[in-house]
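This report looks at the pockets of one structure and at the ligand that it holds. Please have the sequence and the model at hand while reading.

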Amino acid sequence: MKFFIDTANLDQIREANELGILDGVTTNPSLMAKEGIKGAEAIAAHYKTICDIVDGDISAEVISTDFKSIVEEGKKLAAIHPNIVVKVPMIKDGVKALKWFTDNGIKTNCTLVFSAGQAILAAKAGATYVSPFIGRIDDSNWDGVELIAQIAHIYQVQGFETEILAASIRSALHIVKCAEAGADVCTCPLEPILGLLKHPLTDIGLAKFLEDAKKL
Ligand code: E4P
């Protein structure tokens with residue numbers, strides 16, 4: 001399973017990248033706004049900086065909602081760097097645009113996916129990645145990880161090549177469960193990634209080893 005970091009914060013991206021386990025980055029308009037990035041030029045420059053830090057797929061989300069504008073905006077985003085993946089919302093014009101990008105050799109990430117039906121449409125349109133938002137599904141008292149397993153099963157049975165990018169991850173346990181359920185990628189903030197490191201027996205064991213090492 002690939003690891004993407006879900007943030008537009010450059011310090012966190014650098015920290016995750018320095019761990020040596022980072023395969024890419026996802027962003028969205030909310031994450032860009034959180035970093036105070038404003039205006040087309042600043043947005044493009046920020047994506048370029050991210051691409052210079054991480055050698056992997058970098059999702060850049062369109063904010064247009066009609067076919068023609070999504071395509072125009074996506075082409076501009078894709079021109080920033082070869083690693084840019086155009087992130088397109090799961091709406092009717094989004095599906096049309098996904099197919100256009102597929103036919104024109106531009107990588108895509110279909111975002112805001114909350115059902116298996118939407119994931120089938122994204123795969124039919126040739127999306128490179130499909131992003132089911134598991135944390136938001138959990139928030140609505142449903143089981144987000146169950147959706148990952150369902151999509152993984154459907155894609156396997158049908159031979160779809162779209163990669164399942166588990167998004168809206170809130171905890172280290174989510175990452176483990178998504179790996180188990182067949183996600184190809186998980187994208188999450190830095191904290192759940194670092195959470196994978198933690199186990200009290202590791203801390204107790206290391207303290208004891210270091211204590212005993214003094215006797216050597
Ligand atoms: C995915 O690509 C989204 O950017 C993200 O995972 C959404 O997460 P949230 O539900 O925590 O906002």
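In this predicted model, the largest pocket has a lining of 16 residues, and those nearest its centre are A40, I43, I63, E73 and L77. Three helices, α2 (29-34), α3 (40-53) and α4 (67-80), each contribute at least two residues to the lining of this largest pocket. By class, the lining of the largest pocket is made up of 11 nonpolar, 2 polar and 3 charged residues, and the space inside the largest pocket comes to about 370 Å³.

The second largest pocket holds about 220 Å³ of space. Its lining also counts 16 residues, and here D6, N28, L31, R136 and S168 lie nearest the centre. The lining of the second largest pocket divides into 5 nonpolar, 7 polar and 4 charged residues.

Which pocket does the ligand take up? The ligand occupies the space of the second largest pocket. Around the ligand stand D6, T26, N28, K87, F133, R136, A167, S168 and R170, a shell that by class consists of 2 nonpolar, 3 polar and 4 charged residues.

Three residues of the model place an N or O atom of the side chain at a short listed distance from an oxygen atom of the ligand, as the table sets out.

| Residue | Distance from a side-chain N or O atom to an oxygen atom of the ligand |
|---|---|
| N28 | 2.7 Å |
| R136 | 2.7 Å |
| R170 | 3.0 Å |

Taken on its own, the ligand has 350 Å² of accessible area, and the protein covers 84% of that area. N28 and R136 thus appear in two descriptions, being among the residues nearest the centre of the second largest pocket and also among the residues around the ligand.

Notes. Residues numbered from 1 in each chain as written. Predicted model: local features only at pLDDT ≥ 70, side-chain atom pairs only at ≥ 80, totals over all residues. Heavy atoms only, no water. Near = heavy atom within 4 Å. Polar contact = N/O pair within 3.5 Å; in protein donor to acceptor, adjacent residues only side chain to side chain. Areas by Shrake-Rupley, 256 points an atom, 1.4 Å probe, with all protein chains shown as cover. 1 Å grid on protein atoms, 1.4 Å probe; cavity = no way out; pocket = protein on both sides within 12 Å on 5 of 7 lines; lining within 4 Å. Sits in = over half its atoms within 2 Å of the grid points. Nonpolar A, V, L, I, M, F, W, Y, C, P; charged D, E, K, R; others polar. Points joined across faces, edges and corners; volume = space filled by probe spheres on them. Helix = DSSP H or I, 4+ residues; strand = E, 2+ residues; numbered from the N terminus.
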